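Here is a short tour of one part of this structure, written to be read alongside the coordinates. Have your viewer open and follow along.

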Amino acid sequence: MTARAAWEALQAHHQTVGDVHLRTLFAADPTRGERMTAEAAGVYLDYSKNRVTDETLTLLLQLAEESGLRARIDAMFRGEKINITEKRAVLHVALRAPRGASIDVDGENVVPLVHAVLDKMADFSSRVRSGAWKGHTGKRIRNVINIGIGGSDLGPVMAYEALRHYSDRAMTWRFVSNVDGTDFVEATRDLDPAETLFIVSSKTFTTLETMTNAQSAREWSVKGLGGNVKAVAKHFVAVSTNGSEVAKFGIDTANMFEFWDWVGGRYSMDSAIGLSTMLAIGPENFRAMLDGFHQMDEHFRTATFERNLPVLMGVLSIWYNDFFGAQTVAVLPYEQYLKRFPAYLQQLAMESNGKHVTLDGARAARDTSPIYWGEPGTNGQHSFYQLIHQGTRLIPCDFIAFTKTLEPLGRHHDILLANVFAQTEALAFGKTPAEVKAEGTPEWLVPHRVFEGNRPSNTILLDRLTPEALGKLVALYEHSVFTQGAIWNVDSFDQWGVELGKALAQRIVLELEAGPELEGKAEPTLAHDSSTNNLIRRYRKLKGTL
């Protein structure tokens, strides 16, 4: 990567423009704020407040070309197995392809399979939402709890919170992911088992955290329904591919919703993993969300890189991460319904590109994924914005806003948007010592009130937070992450980094010759490092098992 002509040119270019202030760039080009924008599928991107010139963008896009981004995009959409370590296609784009489209995996068009599952989900959702689906006692379902972890939780909970405005308010929606028992207990504390439906989302139906919570849910339901194990079939459905384990659990496999190994967990919110979303907002709204995804997919697939929103965002992230040494990106949605969006992006970006090994097995020559974080505005302005404005670290920011609110209330939305525009202006241009002095500030206080500015940001504007808009927004970031991974030459679609801790946890918790290490009454033979051995012994002692 670092040997590419564009990379070497960017290194030299950075020496020239790296310290140029945004005040200078805007003064030299009065039309910059109108010119450095792009719009597609109803998403408007203002990238003018980035520390770039036209030459910077030309070189960054040349880098994308030299990295084979176009070929990699085409390979993904063709269904090639670009997840090389797992030998899998990467086809979340097929999840939102319209009926009649054709996307092949191993010679089979998977689009009809996708729509068969969507139709099954729609039928089930309509029956639950209408009250036609009854629980074991004949009561209608009023509570839905999604049990999953990782992509089986973060996507559904983010989508529910984002689209709560469109949800059925006569029903209660909860999400359980943490193996900490508190998560399950608090989710069910005020619910009636006779009116509660659980969605258990696990591809293999063996995920430790998910199945531990599912077993607790099963016990809670059976106990609350008079001890009749047959009740499970009316209060549980599965999102899985393991029919035998689903049946063993007591779930009717007719109520098992399928997805495929070419769908990564963090890219699965628009698959059957989104069943809770469809139940909450209804099939029509869910399909509108899929249409939003597809519109951005098509833009990413067909647009020139110069006007391609995900590509522009992706190369700008490369610019700050690898040439300025910026280690984080702040995602700042000025929309309360998007309060879980930054957490969703954490998995999407960092599990995808948090890799130190390239596709050919070599050590990555430069830093890969930055750390994504954020909170909704304006809350963040009264906590961490101090660091962004006057701290010692460079933190590129993405501001996300909507021109119309879903909840009109007096002057609230105008004030909210005024803060978006003011924050990006303040970050870019700051306040000079001369400006601070002109306000009559005492000399000793001037340094404390200076804002250096030159802090970069993107502003992403959409009309209104609809299901369609959410689909566009998620796909925008999915493809930006894809762009970055292609340039870094990493496999953005495996996640071996999560496996080691899971394997070691199984080793500790499952039965060994001396019994489960954390649960057995006999002293187990411990074969970990001295720290882990000591921690296990201490826990057992304090728990009273020694």
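## A helix across the strands

In this predicted model, helix 9 (residues 208–224) lies across four strands: strand 5 (143–147), strand 6, strand 7 and strand 8. Relative to strand 7, helix 9 runs at about 160 degrees.

## The sheet beneath the numbers

Those strands belong to an open sheet of five strands, in the order 6-5-7-8-9, with parallel pairing. Strand 6 (172–176) and strand 9 stand at the edges with a single partner strand each, so one side of each has no neighbour in the sheet.

## Strand 8 and its partners

Let's look at strand 8 (residues 236–239) residue by residue. Phe236 and Ala238 point one way, Val237 and Val239 point the other way, and all are buried. This fits a general pattern: in a regular strand the side chains alternate between the two faces of the sheet.

On one pairing, strand 7 (residues 196–201) runs parallel to strand 8 and is joined to it by four bridges; here Ser201 stands opposite Val239. On another, strand 8 pairs with strand 9 (residues 256–257) in the parallel sense over two bridges. The bridge partner of Ala238 is Met256, and that of Val239 is Phe257. To get from strand 8 to strand 9, the chain passes through helix 11 (residues 243–249), making a right-handed β-α-β crossover.

## A covered helix

Further along the chain, helix 20 (residues 467–488) has 22 residues and reaches 32 Å from its first C-alpha to its last, close to the 32 Å expected. Helix 20 is mostly covered, with 21 of its 22 residues buried. Just after helix 20, Asn489 takes a positive phi of about 65 degrees.

Terms used. Residues numbered from 1 in each chain as written. Predicted model: local features only at pLDDT ≥ 70, side-chain atom pairs only at ≥ 80, totals over all residues. Heavy atoms only, no water. Expected span 1.5 Å × (residues − 1). Buried < 20%, exposed > 50% of the residue type's maximum accessible area, 1.4 Å probe, protein only. Pairing = 2+ DSSP bridges. Right-handed = clockwise from strand over helix to strand, strands pointing away. Contact = heavy atoms within 4.5 Å. Axes fitted to C-alpha atoms, helices over the stretch in contact; angles between N-to-C directions.
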